[in-house]
Amino acid sequence: MAVFSGDHWTFIFGLCGNIISFFVFLAPLPTFYKIYKKKSTEGFQSIPYVVALFSAMLWIYYAFLKSNTTLLITINSFGCFIETLYVCFFLFYASNKARIHTMKLLGASVFGGFGAIVLVTQFLFKGVVRAQVVGWICLVFSLCVFVAPLCILRQVIRTKSVEHMPFLLSVFLTLSAVAWFFYGLLLKDFNIAIPNVLGFVFGILQILLYAMYRKKTIPSPREQKLPEIVLQTPPAAVIILGEDNTWNNKNKNKTQLPELTQEQIIDIMKLGSLQVYKDDKINVPSSAH
């Protein structure tokens, strides 16, 4: 019976990490479909996509400084591609204010931050030391990214609602952390393994909180129905005239209504039409009698 070697397990976990991370990168597609339908980015922010783009670029740079990291290059290359599309799509539909803010983020992180890291590490460090320094930078940045969900966890605990915490995304992020942890562990690269320990812990916390509060989700104001108030108008009094112009009522005596001549009926109709014209402020010429 053949037993997998360490290299085989490294490849398996790296491949699993690629597949799971592929779906994680595609998770924002429903958000951008909403932006497309609204033709506006109102209510959405570009920070997650700029940060993800910066992270993918860092890991690609680190992977090129190491050996046996092909699977790290493949998934982060796809991440750079898809996050660039997200940012461009966001810029296309963003308002002028949001567009300027996004351009500043891109300039500060992608061009300024990443460019500075490449220049400093290329000129000040060499060989193994350069890879270690870039690895430490990736480690610290990944820890900051994994700590970001703390604000979501706090919101879930405070509101006792998981409305803003997608369950499937939490599951995929947890599985991704597990796969990349073992990939880094088998490669003996702790810059990859250590951040994913934190990612796994926060992923489990999100799943536990979802299990605790999924039935206690508070409906949003749009979903809350106001109590229906039924206004009942009093029944209109209906006078039924028989052939003898009498008011038919079983509980009351029959009362004879006065008969009107044809001329009187015509005069009443004329007076009614004049009153309507008067209310509408329309000048009506006097009728010839």
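Trainee: In this predicted model, is the crossing of helix 3 and helix 5 left-handed or right-handed?
Mentor: The two axes come within 10 Å, and the sense in which helix 3 and helix 5 cross in this predicted model is right-handed.

Trainee: Are helix 3 and helix 5 roughly parallel or roughly antiparallel to each other?
Mentor: The axes of helix 3 and helix 5 cross at roughly 15°. Angles under 35 degrees count as roughly parallel, and therefore the relation of helix 3 to helix 5 is described as roughly parallel.

Trainee: How many nonpolar residues does the contact of helix 3 with helix 5 have?
Mentor: Helix 3 contributes residues including Ile47, Val50, Phe54 and Tyr61, while helix 5 contributes, among them, Leu105, Ser109, Gly113 and Gln122. By class there are no charged residues and five polar ones in this contact, and the number of nonpolar residues is 13.

Trainee: Which helix gives the most to the largest nonpolar core?
Mentor: This core has 37 residues, and Leu58, Tyr62, Leu72 and Leu106 are those with the most contacts inside it. The elements that give two or more residues include helix 4 (70-93), helix 5 (96-124) and helix 6 (127-147). The most, twelve residues, comes from helix 3.

Trainee: Leaving aside neighbours within four places in sequence, which residues is Tyr62 in contact with?
Mentor: Tyr62 is among the residues with the most contacts inside the largest nonpolar core. With its neighbours within four places in sequence set aside, the residues in contact with Tyr62 are Leu72, Ala131, Val134, Gly135, Cys138, Asp189, Asn191 and Ile192.

Trainee: How many residues does the second, separate core have?
Mentor: This separate core includes Leu153, Val156, Leu209 and Tyr213, and its number of residues is seven.

How values were computed:
Residues numbered from 1 in each chain as written. Predicted model: local features only at pLDDT ≥ 70, side-chain atom pairs only at ≥ 80, totals over all residues. Heavy atoms only, no water. Core = buried A, V, L, I, M, F, W, Y, C linked by side-chain atoms within 4.5 Å. Buried < 20%, exposed > 50% of the residue type's maximum accessible area, 1.4 Å probe, protein only. Helix = DSSP H or I, 4+ residues; strand = E, 2+ residues; numbered from the N terminus. Contact = heavy atoms within 4.5 Å. Axes fitted to C-alpha atoms, helices over the stretch in contact; angles between N-to-C directions. Parallel < 35°, antiparallel > 145°, perpendicular 65-115°, else oblique. Left-handed = near helix turned anticlockwise from the far one by under 90°. Nonpolar A, V, L, I, M, F, W, Y, C, P; charged D, E, K, R; others polar.
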